2 protein chains.
Amino acid sequence: MTSWVRDAAGSGFDVDHLPLGVAVVGNRARIVTRIGNTVLVPAELFPDRPELTAATLNPFLAAGPGVWELVRQRLTRLLTDPAGRAVVEPYLAPVADVTMLMPVDIGDYVDFYASEHHATALGRMFRPGAEPLLPNWKHLPVGYHGRSGTVIVTGTPVVRPGGQLRPPGAEAPVHGPTTKLDLEAEVGFVVGTASQPGTPVRLGAFASTVFGVCLVNDWSARDIQPWEYQPLGPFVAKSFATSMSGWITPLAALAAARVDPPERTTPLLPYLADDGPWGLDLRLAVAVNGTVVSRPPFASTYWTGAQLLAHLTVGGASVRPGDLYASGTVSGPDPGTAGSLIELTANGTHPLALADGSTRAYLADGDTVTISATAPTATGHLTLGEVTGTVLPARR
Amino acid sequence: MTSWVRDAAGSGFDVDHLPLGVAVVGNRARIVTRIGNTVLVPAELFPDRPELTAATLNPFLAAGPGVWELVRQRLTRLLTDPAGRAVVEPYLAPVADVTMLMPVDIGDYVDFYASEHHATALGRMFRPGAEPLLPNWKHLPVGYHGRSGTVIVTGTPVVRPGGQLRPPGAEAPVHGPTTKLDLEAEVGFVVGTASQPGTPVRLGAFASTVFGVCLVNDWSARDIQPWEYQPLGPFVAKSFATSMSGWITPLAALAAARVDPPERTTPLLPYLADDGPWGLDLRLAVAVNGTVVSRPPFASTYWTGAQLLAHLTVGGASVRPGDLYASGTVSGPDPGTAGSLIELTANGTHPLALADGSTRAYLADGDTVTISATAPTATGHLTLGEVTGTVLPARR
């Protein structure tokens, strides 16, 4: 399939991608898709689809997989059929001219801990001398709820958080800005259709429940976290800001990226037993001020998006359109593939060199973190929408 | 102040209370207040206040303390001035005739662990032989995010959750319904005004940020929790359902209930240093199938609602109108004052006797749990709206 949009082929946003987002177009928040270096407002083309006129994707997500597929097919037709050109061209705008907004109104945000390499590395650091993976880790995807109200869209700056931290060797904690501000490169899953309270979402319902994926930076304060997190988990250290990309890539665009997840050495209970290759070959890149510091391979993640959803709802918790759940930090097995600075710098002891000659143990004020990713398609690759954010100094 | 509403005095819903909620009145969701055994739709009386016409309290909460106080004063005047009677009476409906709905659209729900007696009792059970309170407990209010999408209003039944649990002595977990379904009696705080991202809410801004309190039952699966909760906190065991009362009691009605919190034996960092008596003398009662099994005194809770909010936002996390944060289980120092069955029955080893002659280690299908509370007022006491729910069998 070839689009008549000239710069689409090879751009990462070809007609086989068609991510959705929300952008300011003509002084209004509009649902948009992207083809090459232009954005398009689908509501202008499909007046019979009122859910596309909203200021967030939620009504469209709630409409369910039949509508997702219908709109995708129609867009594909218009963007490949030369006769579509006259219809579509009036509604194209350069992507550089629009500001991306939060694509969804998030009800609940859950963060998992699905990468074995990440969990092992952090277990070694936080519990030295002990078995790095806790006994439950290979039986269930460990997760916790994050703060949906502080999920922000790419481009939004992040104020360095304060909190309680206990300096090494001190008895009592102090209150001040974090000195160990970290990034976490993650993949997010955006829920489309609602589920019923009391009824778990089975593995097989993953693709009819989840609309697509995004990139997530789950900013973390590494000196606040160890003091606060026992026994109920991370709180202040991870609730101040979580950045997400503005573009949601539909699962429908990722068929060629599906791979088998890593081999399971521990038997899984039936509700978590893989019933299809829902690993995803997303190749992430993490850049600090333009220097790529890591290339985490999402395919190495132990738990799949389908398993995360099945476990999230196994107790009967329901999901709502626009809910977001993320993989947790994506870290690969090899050097230079970890998705956080605490791993890449061995908790700050081995600073990274940036292209400008400076070094980083953790993030400095003014630093810009950008997470990007590509995924294979039938004919090449697509580019996920990046997630970027700049650190502002702590407020007094 | 005496109301002309005949059954108001002594009802717990006198004119010095005036809680707010949302109920079905005339086939529509309406914001209501309660006086004696009748409900009243304030929007019918104050056409200049459009935020009262919404189907949730969120727009009214967002309007801020000036509007909260104005509406309260006007209602008080109308309900005490005999001339108000002719104005108000057409809009009174018997409370027995209306169904309460969720009073707020909750953005984020946070649960704390603010009762020293509860944290100590659970520490003894989960970490026998070790110091029951962890080193951070008296320095900061430990908390975690819950699932806002599964907060339900009083009267909504709760399906017994399933999940992974590891039977005593077993190596591998099994999947099945919880056999240790517990209640947790808590006090919830409903946020009114939004705060700015990156800017903590100081202790002194508590009463202009939080509108009022409700009662909460944070249902918990005690056999799922110990297997899943390390290292990131409770997840499936507490995300299937959290019940809240339909009536929100304004802080403005609780002036006579304010008390000093328990003595602080550990110095507090300035951002948490009490600057006024924000302990609240709420006297809870927990009933199972009509038998009162506990009377937890909220005044014994170590951390105040003002401190919980200051800590929740110390990292710069913002709050939104309608956010809910809860105290965690309220347990007093004496026998028969714990707010959970795990404490009252010593993890099921000392079952409770109910009035019908049956006993309970944990909750059985069909059980109804009701949490109620009273608080002193200048002239007597008020009754908080109760929170009740019945357990339905697990789904297959």
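Which side chain meets that of A:Arg30 in a salt bridge? The partner is A:Glu44, with 3.4 Å from N to O. The model is a predicted one, and this briefing covers the contact between chain A and chain B, the relation of the two copies, the strand pairing in chain A, and some backbone features. Chain A and chain B bury about 5,200 Å² between them, and a rotation of 180° superposes one chain on the other.

**The interface of chain A and chain B**

- The contact draws 60 residues from chain A and 60 residues from chain B.
- Of the roughly 5,200 Å² that the two chains bury between them, 59% lies on carbon and sulfur atoms.
- On the side of chain A, the residues that lose the most area to chain B are A:Arg147, A:Leu232 and A:Phe235, which together account for 16% of what that side buries.
- The interface holds two salt bridges.
- A salt bridge links A:Asp323 with B:Arg147, and the closest N and O atoms of this pair are 3.0 Å apart.
- Between chain A and chain B, 24 residue pairs are in polar contact, both residues being at pLDDT 80 or more.
- Several elements of chain A each supply at least two residues of the side that touches chain B, including strand S6 (109-112), strand S10 (162-165), helix H6 (225-228), helix H7 (236-239) and helix H8 (305-312).
- Sorted by class, the side of chain A that touches chain B comprises 29 nonpolar, 21 polar and 10 charged residues.

**How the two copies are related**

- Chain A is superposed on chain B by a rotation of 180° with 0.0 Å of shift along its axis, and the RMSD is 0.0 Å.
- The two copies are therefore related as by a two-fold rotation axis.
- In chain A, A:Gly233 has the C-alpha nearest the axis, at 2.1 Å from it.
- Both copies use the same surface, since 100% of the contact residues of chain A recur in chain B.

**The five-stranded sheet of chain A**

- Five strands of chain A make an open sheet with mixed pairing, in the order S9-S26-S25-S20-S21.
- Strand S9 (158-159) and strand S21 (291-294) of chain A stand at the edges with a single partner strand each, so one side of each has no neighbour in the sheet.
- At one of these edges, S9(A) pairs in the parallel sense with strand S26 (residues 381-392) of chain A over two bridges.
- Within this pairing, A:Val159 has A:Leu392 in S26(A) as its bridge partner.
- Strand S20 (residues 283-288) of chain A runs antiparallel to S21(A), and three bridges join the two.
- Opposite A:Val288 stands A:Thr291 in S21(A).
- S20(A) and S21(A) form a hairpin with two residues between them, and A:Asn289 in the turn has a positive phi of about 50°.

**Strands S1, S2 and S5 of chain A**

- Strand S1 (residues 20-25) of chain A pairs with S2(A) in the antiparallel sense over six bridges.
- A:Thr33 in S2(A) is the bridge partner of A:Leu20.
- The hairpin formed by S1(A) and S2(A) has two residues between the strands, and A:Gly26 in its turn has a positive phi of about 60°.
- S1(A) is also joined by three bridges to strand S5 (residues 99-101) of chain A, and these two strands run antiparallel.
- A:Thr99 in S5(A) stands opposite A:Val24.

**Salt bridges in the whole model**

- Over all chains, the count comes to 30 salt bridges.
- One of them joins the side chains of A:Arg30 and A:Glu44.
- This pair links distant parts of the chain, 14 residues apart: A:Arg30 is in strand S2 (residues 28-35) of chain A, whereas A:Glu44 is in the loop between strand S3 (38-40) and helix H1 (58-62) of chain A.

**Backbone features**

- A:Gln230 and A:Pro231 are joined by a cis peptide bond, with omega about 0°.
- A:Pro231 lies in the loop between H6 and H7 of chain A.
- In chain B, the peptide bond from B:Gln230 to B:Pro231 is cis, and its omega is near 0°.
- B:Pro231 is found in the loop between helix H6 (225-228) and helix H7 (236-239) of chain B.
- B:Leu18 is not a glycine, yet its phi is positive, at about 50°.
- B:Leu18 belongs to the segment before strand S1 (20-25) of chain B.

Key
Residues are numbered from 1 along each chain as its sequence is written. Chains are lettered from A and ligands numbered from 1 in the order in which they are written. This is a predicted model: local features need pLDDT of at least 70, side-chain atom pairs count only at pLDDT 80 or more; totals for chains, interfaces and linings use all residues. Side-chain values use heavy atoms; hydrogens and water are left out. Contact means heavy atoms within 4.5 Å. Buried area is the accessible area (1.4 Å probe) that two parts lose on being put together, summed over both. A salt bridge is a side-chain nitrogen of Lys or Arg within 4 Å of a carboxyl oxygen of Asp or Glu. A polar contact is a pair of N or O atoms within 3.5 Å; within protein, one must be able to donate a hydrogen and the other to accept it, and residues adjacent in sequence count only if both atoms are side-chain atoms. Helices (H or I, at least four residues) and strands (E, at least two) are DSSP runs, numbered from the N terminus. Ala, Val, Leu, Ile, Met, Phe, Trp, Tyr, Cys and Pro count as nonpolar, Asp, Glu, Lys and Arg as charged, and the others, Gly among them, as polar. Copies are superposed by least squares on the C-alpha atoms of residues with pLDDT of at least 70 in both. Two strands pair if DSSP finds at least two bridges between them.
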